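Reader: Hello! I'd love a close look at a single part of this model. Could you walk me through one spot and what surrounds it?

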Amino acid sequence: MKKILFLCTGNSCRSQMAEGFTRSRHGGLFEAFSAGVVAKGLDSRAVRAMLEAGVDISGQISKTTAELPPVGFDYVVTVCDRARESCPYFPAKTKVLHQGFDDPPVLAAGEKDEEKAMDFYRRVRDEIRAFVDGLPEIIPK
């Protein structure tokens, strides 16, 4: 199985969603991990958005790359521009891909209506799901 690390700034939302979708949709093809440049904790709205899509990420833990198990990753996918800019060094065999997504917490900041705030999370969740669904075409077996 190919090992994929989804890397984001805070490992609270986008990378967590990507890990959850990869595990649930392609668990037989890929072993998924996620981490952040810093660990900000799991975003409760991200958990809610994923539950609405039938994937429970509530047991996942926000972590930095330093806290990952010693795994030789085949691919690192940066899911935000900041993570791409500050992506740590990985061995030469690791391929680094970038697929940026909007940051739901930033988009929802200041939104007084919870459902309107959740709409940002749902949109980005669906974009991440579409990307993850295409992983078998992007990453050769």
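Author: Happy to: here is a look at Ser34 and its surroundings, followed by a helix of the same model. Please keep in mind that the model is predicted.

Let's start with the strand. Ser34 sits in E2, which spans residues 30-36. Ser34 counts as buried because its relative accessibility is 0%, and the cut-off for buried is under 20%. Its side chain has a polar partner: a contact of 2.5 Å links the side chains of Ser34 and Glu19. Leaving aside residues up to four places away in sequence, Ser34 touches Leu5, Phe6, Asn11, Ser15, Gln16, Glu19, Lys63 and Leu68.

One of those neighbours, Asn11, deserves a stop of its own. Asn11 belongs to the loop that joins strand E1 (2-8) to helix H1 (14-26). Although Asn11 is not a glycine, its phi is positive, at about 50°. Asn11 is also buried, with a relative accessible area of 0%.

E1 and H1 come up again at helix H5, since both are among the elements that cover its buried residues. Others in that cover include helix H2 (44-52), strand E3 (75-78), helix H4 (104-108) and helix H6 (135-138). The buried residues of H5 include Ala117, Met118, Tyr121, Arg122 and Arg125. H5 itself runs over residues 114-133, and its 20 residues reach 28 Å from the first C-alpha to the last, close to the expected 28 Å. At its N-terminal end, H5 is capped by Asp113, with a side-chain oxygen 2.9 Å from the backbone nitrogen of Glu115.

Methods
Residues numbered from 1 in each chain as written. Predicted model: local features only at pLDDT ≥ 70, side-chain atom pairs only at ≥ 80, totals over all residues. Heavy atoms only, no water. Helix = DSSP H or I, 4+ residues; strand = E, 2+ residues; numbered from the N terminus. Buried < 20%, exposed > 50% of the residue type's maximum accessible area, 1.4 Å probe, protein only. Polar contact = N/O pair within 3.5 Å; in protein donor to acceptor, adjacent residues only side chain to side chain. Contact = heavy atoms within 4.5 Å. Expected span 1.5 Å × (residues − 1).
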